[in-house]
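Please open the model in a viewer and keep the selection panel at hand. The tour below proceeds by successive selections.

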Amino acid sequence: MGAIRTVVIDAGHGGKDPGCHGASAHEKNVCLSMSLMLGKMIEEKFPHIKVVYTRKTDVFVELDERAKIANRNNADLFICIHANAASATAYGTETYVLGLHRTESQQKVAERENSTIHFEDDGGEKYKDFDMSPDAIIARQIQLSVYLDQSISFADKLQEEFKRIGRFDRGVKQAGFLVLYKTTMPSVLIETGFLTNPTEEKFLSSAETQRLMAESMFTAFRKYKNELEGVEENVQGPIVPEKLQNELAKEEIEKTEVGEGDVIFKVQIETSEQKIGLTSSRFKGYSVAEYTQDGLYKYTVGSFVNNFAKANEMKNEVRSNGFEHAFVVAFQNGERINLQKAIKLAEN
Ligand SMILES: [Zn+2]
C-alpha cells in the first residue's frame, strides 16, 4: 500500500462566508482553529509529510478551488472540517463521505454546506454541470470506489476517537457534498458538533477543547496511516482532563428555570416495554429524557416551559427526521397531564 506523502486540510467557509453560528461563535473560526492545530500536529510528528491548507487565514475560498487544491497537490488524504447547525437539542459529531444521503437531515447538512456557493462571484453558476442527482452521485461514488473504503475507514477512526473523548457518536454518513465531488483521493467531511447547541458551542469555541478535537483527529490520522502503510503501533489518543469529563458527561441544553405550577411541554418520540439507553442510536443523536407511565418507558425530546407552540414546532422537526409518530405531551409538577388542559393552563 502507498505511503501518505501529502495531506490537504480544508477549514470550512471563511471570509464573507461565516458558515453556521451559535450565540456568538462562527463556524469559519472554529473550523480554522482546529484545522491549523491538526496541521501543526502532523507537521511536527511527520516532517516528511507535506501538509497543504486550503486556507490559513480568514479568507473566502470557492468550493471547487478547495477540491482543485487537493487534486493539484496529489493529496493522499483530504480532510474537510466543519461545524453543524440544527435545533438547540441536537448534539454530537458525524463524519461524511461522498454518497447518497439516507435521511432528510443528512441531505440538509449537505445542502447547508453546499449553499456557500452563493457567496461566489458567479453565484454558483459554475456548478451547473455538477450533476448532484441520486443517479449521478452513485455513479461518481462508483468511479471513486477505490477510495471509498479508505474514506470510510478514516471516517470510522475519527468517530471512534471522538467517542473516546466523550463526544456523542452520530456515526459515519454519506451525502452529496460539492467539495467532495471532484476530489480524487480518500476524502472526508467532519461535522465537529452543533454550534446551535449551547453546550457544544462552548466546547467548540475554547482553545483547550478545540485542541482535544484536533488531537483526536490526529490520533485517527495516525491509525489510518499505520493501517495503510502496514505499520504495527499502539497509538494513544489524548487524555481528557477531569473537569472536561464532567462537562462532556452532561452534554445537554441547560433547562430553563421551572416555577411552581408551570406546564412543561415535551415531544414524545418513543414508547417501549424495555428500557432504552439514552444515547442509543435509535434516538438519532437527539438528547432524550425518559419517564415511565403504565409500566412503559417513554422517551421525550425538548422541554418547553409554558410554550406549546415551540414544542409543536419541535414535533414537526422530529417528525421530518424519521419519528413520524412524535406528539406533544405535557407535565405539571412532574406528572403527565391532559394536553388540552395544559395548553389552557399555559395560556394563563
Ligand atoms: Zn460548514
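Begin with the boundary between the two domains of this predicted model: domain 1 and domain 2 bury about 800 Å² between them, with 52% of that area on carbon and sulfur atoms. Next, select T89, Y91 and F168, which supply 53% of the area that domain 1 buries against domain 2, more than any other three residues.

To colour the two parts separately, select residues 6–242 for domain 1 and residues 263–347 for domain 2, as given by the domain assignment. The centres of the two domains, taken over C-alpha atoms, are separated by 33 Å.

Which residues should be displayed at the boundary? Nine residues of domain 1 are in contact with ten residues of domain 2. A search for salt bridges between domain 1 and domain 2 returns zero. Residue pairs in polar contact across this interface likewise number zero, where both residues have pLDDT 80 or more. Now select helix α3, residues 104–114: this helix contributes three residues, the largest share of the side of domain 1 that touches domain 2. By character, the residues on that side of domain 1 comprise three nonpolar, three polar and three charged.

Now zoom out and show the whole chain as a cartoon. The chain has eleven helices and eleven strands. Its radius of gyration is 22 Å, close to the 20 Å that the globule rule gives for 348 residues, so the chain is as compact as a globular protein of that length. Along the principal axes, the C-alpha atoms fill a box of roughly 65 × 45 × 35 Å.

For the last stop, turn to charged side chains. Side chains of opposite charge can pair when their charged atoms come close. How many salt bridges are there by the rule applied here? The count comes to 24. To inspect one pair, select K223 and E161, which form a salt bridge whose closest N and O atoms are 2.8 Å apart. K223 lies in helix α8 (residues 207–229) and E161 in helix α5 (residues 145–164), so this pair ties together parts that are 62 residues apart in sequence.

Note on methods:
Residues are numbered from 1 along each chain as its sequence is written. This is a predicted model: local features need pLDDT of at least 70, side-chain atom pairs count only at pLDDT 80 or more; totals for chains, interfaces and linings use all residues. Side-chain values use heavy atoms; hydrogens and water are left out. Domain bounds come from an automatic or database domain assignment. Contact means heavy atoms within 4.5 Å. Buried area is the accessible area (1.4 Å probe) that two parts lose on being put together, summed over both. A salt bridge is a side-chain nitrogen of Lys or Arg within 4 Å of a carboxyl oxygen of Asp or Glu. A polar contact is a pair of N or O atoms within 3.5 Å; within protein, one must be able to donate a hydrogen and the other to accept it, and residues adjacent in sequence count only if both atoms are side-chain atoms. Helices (H or I, at least four residues) and strands (E, at least two) are DSSP runs, numbered from the N terminus. Ala, Val, Leu, Ile, Met, Phe, Trp, Tyr, Cys and Pro count as nonpolar, Asp, Glu, Lys and Arg as charged, and the others, Gly among them, as polar. The radius of gyration is taken over C-alpha atoms; the globule rule is 2.2 Å times the number of residues to the power 0.38.
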